[in-house]
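Visitor: I would like a brisk tour of this protein. Please take it one question at a time.

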Amino acid sequence: MRRGSSPWVHRDRSSLATRILVLQVLSVLLVVLGGWGFAAREAAESARTEAVARARATVLTMALDPSLVEAVEGPDPAAALAEPVEKLRATNDVDFLVVMSPEGVRYTHPDPAQVGRLFRGTIDGARAGRTTTEDYTGTLGRSVRVVTPVHGADGTVVALVSAGVQLDAISDRVHESLLELALLAAGALALGTVSAWLIARHVRRQTYGLGHLGLARLQSYHDALLHSVRAGLVLVSGDRRVVLCNDEARRLLGIPDVGPGDPVCDLPLDPALGELLGSGRECDGELHAAGGHTLVVTQVPARTGGVDLGWVTTLRDRTDLVRITGELDSLRGFSESLRARSHEADNRLHTVVALVELGEYDQAVAFATAALGNAQELVDSVTGAVTEPPLAALLLGKAAAGEERGVTLRLETGSLLPSTGIDPIDLVVVLGNLLDNAIDAAGDGEPPRWVRVRSTVADDELVLEVADSGPGMSPEVARQAFVRGWTTKEPCPDDDRPQGRGLGLALVASAVRRLGGSVVVERDVGARFVVRLPLPAGAAAGAPAGAGEKGEP
């Protein structure tokens with residue numbers, strides 16, 4: 001997207017970056033001004049406190065000097081104290097340092113004309129023996145001053161000492177500090193403004209100059225797009241938490257309550273699919289069973305600027321395709337079986353003709369009727385017990401396929417499969433995959449090789465049983481048999497199954513769960529799979545009486 005090419009750029013009065021710049025500059029200005037005001041107040045208080053401390057230290061130190069007592073008790077205190085007191089005042093950086101009698105008559109003063117006059121200020125506290133501090137307007141102007149008593153050898157107050165700093169001098173020092181603080185505040189404001197401008201510039205590049213309304217509209221369209229596509233989308237962060245799961249993904253996975261922040265490991269998914277979503281492994285077109293669906297899963301990492309953000313998983317529903325393909329596979333097997341039987345019938349017909357030509361009439365009749373009886377027995381048992389044509393075709397096709405591999409498929413006595421209200425395509429998926437698995441297992445076993453099918457309707461449920469003469473399954477193998485991708489077969493390049501191997505029993509388990517039933521593996525001569533499917537409401541009432549009773553079909 002080029003800057004200015006978005007339809008939202010010109011609709012907002014200002015871009016998000018400009019708003020951020022203005023807000024940051026105002027924030028920096030308020031902080032700087034507030035800090036400057038606070039610092040100014042602190043500077044004024046600090047300057048006054050420092051001046052009082054300096055004056056207090058000066059008078060207290062001077063009051064303890066024995067030479068001061070000697071001078072004030074001498075014949076001419078003013079002459080004795082004038083020079084040393086002035087030096088001490090200049091050294092301690094106070095504006096005045098006055099020594100006076102207990103009555104307040106000055107012995108010293110920065111202005112010699114004030115010597116001998118009364119001190120301006122409050123001295124009652126000092127005369128009572130206390131050190132006092134006050135603001136007062138004297139001969140030098142308004143000042144903050146400290147007054148303390150000077151005690152003689154007998155403990156009586158023989159003099160008073162006062163030192164002070166003019167408030168104008170304190171203000172001058174505060175003004176100097178404020179100027180320095182103002183320079184610092186201006187520097188901070190300039191630095192903050194430049195930083196805000198750089199941040200705004202970066203934001204403007206990242207948002208393509210969009211304003212807040214444009215970004216809100218863009219986010220709304222983006223969210224609507226992700227939730228309206230017909231493919232499931234799951235976005236997972238690097239810490240294996242869900243960032244986004246659109247509506248189609250929730251439907252396909254059967255997890256309507258998943259939300260942003262949910263750990264992938266806590267989602268109720270098929271183990272193989274959960275492992276894939278949690279691992280971040282790249283894949284393209286893997287088949288998985290989840291939520292009653294057969295899914296084609298593609299997963300790719302999400303990176304920006306060389307940084308791994310997580311991964312994106314795309315889910316496409318292939319359930320209908322796999323189910324229809326399974327039905328077509330059954331019909332194709334039945335068609336191939338018919339062609340094989342036609343070829344076999346030709347051979348038998350030639351044999352009968354040859355026997356007739358040789359005059360072996362009795363053998364010709366016996367050969368023809370025996371072959372016809374074996375074929376017709378299976379057809380009669382299937383058509384008599386199975387009402388749904390797709391299921392009858394499936395059984396006859398699988399019987400022919402098993403016969404080519406030396407496996408005999410038989411429908412057990414007492415079996416009955418009427419119209420139950422269950423979708424025949426679902427039954428084709430369940431029964432077809434169980435038969436494929438059983439024929440494979442029996443074909444790998446020792447003779448006699450057989451597969452037996454039993455179907456009954458009882459207690460408002462359809463029970464399908466498929467047993468084989470194969471090696472059977474241990475409990476550990478039985479637990480893994482319904483996991484997507486699990487198989488005991490080596491990869492075969494000639495295998496033209498659209499879903500590959502390792503998915504048949506997973507599809508059985510998925511279909512059974514979707515229909516609300518159960519499937520278990522029991523140990524017989526080989527393995528026996530028992531599927532129980534609840535009949536739809538009203539279907540049990542329409543089932544033939546004695547559907548579960550034993551008897552010849």
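Guide: One point on handedness to begin with: helices α12 and α14 cross in a left-handed sense. Keep in mind that this is a predicted model.

Visitor: At what angle do α12 and α14 pack, and how far apart are their axes?

Guide: The pair is α12, residues 424–443, and α14, residues 504–514. Their packing angle is about 145 degrees. The axes are separated by 9 Å.

Visitor: Which residues of α14 meet α12?

Guide: Start from the α12 side. It contributes Asp426, Val429, Val430, Asn433, Leu434 and Asn437. Across from them, α14 contributes Gly504, Leu505, Leu507, Val508, Ala511, Val512 and Arg514.

Visitor: How many residues of each class are in the contact of α12 with α14?

Guide: Two are charged and three are polar. The nonpolar residues number eight.

Visitor: What is the end-to-end distance of α12, and what span should its 20 residues have?

Guide: The rise is 1.5 Å a residue, so the 20 residues of α12 should span 28 Å. The model agrees with that expectation. The C-alpha atoms at the two ends of α12 are 27 Å apart.

Visitor: How many of the 20 residues of α12 are buried?

Guide: Buried here means under 20% relative accessible area. By that cut-off α12 is mostly covered. The count of buried residues in α12 is 16 of 20.

Visitor: Where is Pro448, and what is omega for the bond that joins Pro447 and Pro448?

Guide: Pro448 sits in the loop between α12 and β11, residues 450–458. Most peptide bonds are trans. The bond from Pro447 to Pro448 is cis, with omega of about -5 degrees.

Visitor: Let us turn to α3. Where is its kink?

Guide: The helix covers residues 77–92. Its bend is about 30 degrees and comes shortly before the proline Pro84. The kink lies at Glu83.

Visitor: How far apart are the end C-alpha atoms of α3, and what should the helix span?

Guide: Sixteen residues at 1.5 Å each should give a span of 22 Å, so that is the value to test. The distance in the model agrees. The end C-alpha atoms of α3 are 21 Å apart.

Visitor: Which residues of α3 are buried?

Guide: An α-helix has 3.6 residues a turn, so residues three or four places apart point the same way. That is the pattern to look for. The buried positions in α3 are Pro77, Leu81, Val85 and Arg89.

Visitor: What is phi for Asp93, and is the residue buried, exposed or partly exposed?

Guide: Asp93 follows just after α3, in the loop between α3 and β1 (96–100). Most residues other than glycine have a negative phi. Asp93 is not a glycine, yet its phi is positive, about 55 degrees. Its relative accessibility is 41%, so Asp93 counts as partly exposed.

Visitor: Where is Asp460, and is the residue buried or exposed?

Guide: Asp460 also has a positive phi, near 60 degrees. Its place is in the loop between β11 and β12 (461–468). With a relative accessibility of 52%, Asp460 counts as exposed.

Visitor: Which residues is Leu140 in contact with, leaving aside its neighbours within four places in sequence?

Guide: Leu140 is found in the loop between β2 (132–138) and β3 (141–151). Its relative accessible area is 34%, so Leu140 is partly exposed. Leu140 and Phe96 are 44 residues apart in sequence, but 8.5 Å apart from C-alpha to C-alpha. The contacts of Leu140 are Asp95, Phe96, His109, Pro110 and Gln166.

Visitor: Is Leu355 buried or exposed?

Guide: Leu355 belongs to helix α9, residues 319–357. Leaving aside neighbours within four places, Leu355 is in contact with Glu360, Gln363, Ala364 and Phe367. Its relative accessible area is 16%, below the 20% cut-off, so Leu355 is buried.

Visitor: How far apart are the C-alpha atoms of Val519 and Val508?

Guide: Val519 is in strand β13, residues 518–523. Beyond its neighbours within four places, Val519 is in contact with Phe482, Val512, Val530 and Val531. Val508 is eleven residues away along the chain. The two C-alpha atoms are separated by 8.4 Å.

Note on methods: Residues are numbered from 1 along each chain as its sequence is written. This is a predicted model: local features need pLDDT of at least 70, side-chain atom pairs count only at pLDDT 80 or more; totals for chains, interfaces and linings use all residues. Side-chain values use heavy atoms; hydrogens and water are left out. Axes are lines fitted to C-alpha atoms, for helices over the stretch in contact, and angles run from 0 to 180 degrees between N-to-C directions. Helices (H or I, at least four residues) and strands (E, at least two) are DSSP runs, numbered from the N terminus. A crossing is left-handed if the near helix is turned anticlockwise from the far one by less than a right angle, and right-handed if clockwise. Contact means heavy atoms within 4.5 Å. Ala, Val, Leu, Ile, Met, Phe, Trp, Tyr, Cys and Pro count as nonpolar, Asp, Glu, Lys and Arg as charged, and the others, Gly among them, as polar. The expected span of a helix is 1.5 Å times one less than its number of residues. The bend at a residue is the angle between axes fitted to the seven residues ending there and the seven starting there. Buried means under 20% relative accessible area, exposed over 50%, partly exposed in between (1.4 Å probe, protein chains only).
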